[in-house]
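Student: I would like to learn how to read a protein model step by step, beginning with a single residue and ending with the empty space between the atoms. Could we go through it slowly?

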Amino acid sequence: DEAALGVCLRIAWRTLVLRGVPDHEVLPALHDVLVSERQSHQFCTAVDLTISADRSHLTTRLAGHPPPICLSDEPALLDGSHRGLPLGVRADRGWPDATTELGASWGILAYTDGAFEVLREDGTRLELEGLVDLVAARPCPRDQAGLDALLDAVQQPHLSSRHPDDLALIGLLVP
């Protein structure tokens, strides 16, 4: 059921974007699709990103999901204080946005919960702090090869622990 709902939401998102729906209307529309198509009380967390045409600003809308990680010499989570509820929970509070001013070159890492909910060898969860520490332990990527190496390193705890949840990573560099 979850996989089918995920496909449905992906198609809905793609349709909304291709139709030019304003950014602030995308999550409410996805919420409506989820509520009409779900089985029982399913919900979904999401991160919605908009990069300005000049690549100097990144706007985030968070539906119950932690913010992406800014890739720099000192990686850190982007501001998540505006995080709203997951899609499918309640739409009346909406999903506010936050805009981050970016430098001339920057990178970002978005991820699913399969990246930070894995168990370490000592039985504790990696959690978000551990994920940021894992990113910080690698050189800041400056090119595709560096980004590929970072993505490989971030997925390794998931693969090693045989975590049953899925894992998706998206890395973006603007040199």
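Student: Which residues does alanine 98 touch, not counting residues up to four places away in sequence?

Tutor: Please keep in mind that this is a predicted model. With sequence neighbours up to four places away set aside, alanine 98 touches Leu58, Thr59, Thr60, Asp79 and His82. Alanine 98 itself is found in strand β5, which covers residues 97–101.

Student: Is alanine 98 buried or exposed?

Tutor: A residue is called buried when its relative accessible area is under 20%. Alanine 98 has a relative accessible area of 14%, and therefore it counts as buried. Its C-alpha atom is separated by 26 Å from that of leucine 150, a residue 52 places away along the chain.

Student: How should I read a helix, and which residues of α4 are buried?

Tutor: The general idea is that an α-helix has 3.6 residues a turn, so residues three or four places apart point the same way. In α4, the buried residues are Leu147, Leu150, Leu151, Ala153, Val154 and His158, and what covers them includes β3, β6, α3 and β7.

Student: Why does the length of α4 agree with what a helix of 18 residues should span?

Tutor: At 1.5 Å a residue, the 18 residues of α4, numbered 144–161, should span 26 Å, and because the end C-alpha atoms are 27 Å apart, the two values agree. The helix nevertheless has a kink of about 35° at glutamine 155, shortly before proline 157, and just after α4, arginine 162 takes a positive phi of about 55°.

Student: Where is serine 40 found, and what is its phi?

Tutor: Serine 40 is found in the loop between α2 and β1, and it has a positive phi of about 55° although it is not a glycine. At 63% relative accessibility, serine 40 counts as exposed.

Student: How can I find empty space, and what is the volume of the largest pocket?

Tutor: Rolling a probe the size of a water molecule over the atoms shows where empty space is left. In this model the largest pocket has a volume of about 1,400 Å³, and it is lined by 39 residues, of which Cys44, Thr45, Ala46, Val47 and Thr112 lie nearest its centre. The largest share of the lining, seven residues, comes from α1, and the lining residues divide into 23 nonpolar, seven polar and nine charged.

Conventions:
Residues numbered from 1 in each chain as written. Predicted model: local features only at pLDDT ≥ 70, side-chain atom pairs only at ≥ 80, totals over all residues. Heavy atoms only, no water. 1 Å grid on protein atoms, 1.4 Å probe; cavity = no way out; pocket = protein on both sides within 12 Å on 5 of 7 lines; lining within 4 Å. Points joined across faces, edges and corners; volume = space filled by probe spheres on them. Helix = DSSP H or I, 4+ residues; strand = E, 2+ residues; numbered from the N terminus. Nonpolar A, V, L, I, M, F, W, Y, C, P; charged D, E, K, R; others polar. Expected span 1.5 Å × (residues − 1). Bend = angle between axes of the 7 residues up to and from the residue. Buried < 20%, exposed > 50% of the residue type's maximum accessible area, 1.4 Å probe, protein only. Contact = heavy atoms within 4.5 Å.
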